[in-house]
Amino acid sequence: MGTKTMLKRGGVLLLAALFFTGCGDEGADVKKDKSEKDDEDDGDEKKTKKKKKDDDDDEKKDAKSDSVFTKRDVTVGDKRTRTSIMAMTLEVEAAGQKKSMKQGETKEKDEEVLEVKDGRPSKIKVTYKKKNKSMQEAGPPQTKAEPIEGKTYVVEEKDGEVIVTTEDGGKPPLAEVTAVKKDFQKFDPAKYEGLKKRIVAYLNEKKATLYVKDVYAGYDPSYAVPYRFVGEYATHAMFAHNMFPKDIE
């Protein structure tokens with residue numbers, strides 16, 4: 001009798017234990033479901049924030065790509081400083097020996113517009129703060145200043161000719177006139193047409209696919225010059241697209 005009672009009591013206790021254990025698991029499942037829902041809500045919120053950030057970034061990129069340079073008319077008194085540094089390395093192999101030679105050119109000049117014609121500078125004052133060439137074969141580089149370094153000139157365009165005078169109207173030495181004209185002399189139209197024919201013939205012979213980009217040389221709207229890049233390599237067109245400004249008005 002006592003044994004049967006204990007079994008019954010044990011069975012009740014076992015059922016009770018299983019019942020409460022089940023309730024505990026159910027409660028855990030409820031909490032787990034709630035936690036997963038919270039995680040999903042957090043994930044959705046993060047996705048929403050990320051999408052908004054991506055949209056904002058896209059808007060900024062679009063705004064940047066739509067940037068337009070406004071071209072203004074050149075006026076008397078406009079000033080600018082132009083600096084250019086060029087370097088070249090030559091390697092020569094002779095009699096089993098390699099020799100290296102480096103050449104460079106540095107130019108820094110200040111320009112001031114004195115007269116304007118048809119929206120373009122027709123007369124300017126230019127001061128060469130630096131104008132030198134360097135060469136290095138063995139040892140330190142040898143730098144030689146050109147005769148126009150440290151001097152000021154007036155450059156004027158008359159009837160298609162470039163006239164160079166000193167600041168007080170005098171005539172500079174021929175070597176100085178030649179050096180200054182290199183900066184302002186236009187490319188000979190006859191030579192341009194001849195070069196153009198050779199390039200067109202070369203491209204037609206290769207039946208090359210051409211890549212075209214319309215860009216500007218120079219970021220200053222007052223002096224920017226429009227030009228069209230035409231090349232047979234996409235990488236070169238991409239370089240022109242990234243290197244030069246566009247949409248200058």
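Here are some numbered notes on this predicted model, from the overall fold down to single residues.

1. Let's start with the layout. The protein contains four helices and eight strands. Reading from the N terminus, the order of elements is α-β-β-β-β-β-β-α-α-β-β-α.

2. A few totals help to set the scene. Of the protein's 249 residues, 17% count as buried. The accessible surface of the protein is about 19400 Å², and carbon and sulfur atoms account for 56% of that area. If you take contacts between residues at least 6 apart in sequence, 51% of them link residues at least 24 apart.

3. Next, the inside. The largest nonpolar core is made of eleven residues: I124, V126, Y128, I148, Y153, V155, V162, V164, V177, A179 and V180. Four elements each contribute at least two residues to this core, namely β3 (120-136), β5 (152-158), β6 (161-166) and α2 (174-184). As background, nonpolar side chains in soluble globular proteins tend to be buried together.

4. I124 is a good core residue to click on. Setting aside neighbours within four places in sequence, I124 is in contact with E111, E112, V113, L114, Y153, V154, V155 and F184. Two of these partners, Y153 and V155, are also listed in the largest nonpolar core.

5. Is E146 buried or exposed? E146 has a relative accessibility of 17%, and because buried means under 20%, this glutamate counts as buried. E146 is found in the loop between β4 (142-145) and β5. Apart from neighbours within four places in sequence, the contacts of E146 are K131, N132, K133 and A179. Among these, A179 belongs to the largest nonpolar core.

6. S84 makes a useful companion to that case. This serine sits in strand β1 and is partly exposed, with a relative accessible area of 27%. Not counting residues up to four places away in sequence, S84 touches E105, T106 and K107. The C-alpha atoms of S84 and K109 are 9.2 Å apart, while the two residues are separated by 25 residues along the chain.

7. Now for the pockets. The largest pocket has a volume of about 950 Å³. Its lining has 33 residues, and those nearest the centre are R80, R82, R120, P121 and Y223. By class, the lining of the largest pocket holds twelve nonpolar, six polar and 15 charged residues.

8. Which element gives the most to the lining of the largest pocket? That is β3, with five residues. At least two lining residues each come from β1 (79-94), β2 (97-117), β3, β5 and α2. You may recognise β3, β5 and α2 from the largest nonpolar core, to which each of them also supplies at least two residues.

9. The second largest pocket has a volume of about 450 Å³. It is lined by 15 residues, with K196, I199, V200, L203 and V230 closest to the centre. Two elements, α3 (189-206) and β8 (225-231), give two or more residues to this lining. The largest share, eight residues, comes from α3. By class, the lining of the second largest pocket divides into ten nonpolar, two polar and three charged residues.

Key
Residues are numbered from 1 along each chain as its sequence is written. This is a predicted model: local features need pLDDT of at least 70, side-chain atom pairs count only at pLDDT 80 or more; totals for chains, interfaces and linings use all residues. Side-chain values use heavy atoms; hydrogens and water are left out. A nonpolar core is a set of buried Ala, Val, Leu, Ile, Met, Phe, Trp, Tyr and Cys residues joined through side-chain atoms within 4.5 Å. Buried means under 20% relative accessible area, exposed over 50%, partly exposed in between (1.4 Å probe, protein chains only). Contact means heavy atoms within 4.5 Å. On a 1 Å grid over the protein atoms alone, a cavity is a set of points where a 1.4 Å probe fits but cannot get out, and a pocket is an open set with protein on both sides within 12 Å along at least five of seven lines; lining residues have an atom within 4 Å of a point. Grid points are joined across faces, edges and corners, and a volume is the space filled by probe spheres set on the points. Ala, Val, Leu, Ile, Met, Phe, Trp, Tyr, Cys and Pro count as nonpolar, Asp, Glu, Lys and Arg as charged, and the others, Gly among them, as polar. Accessible areas come from the Shrake-Rupley method with a 1.4 Å probe; for residues, only the protein chains shown count as cover.
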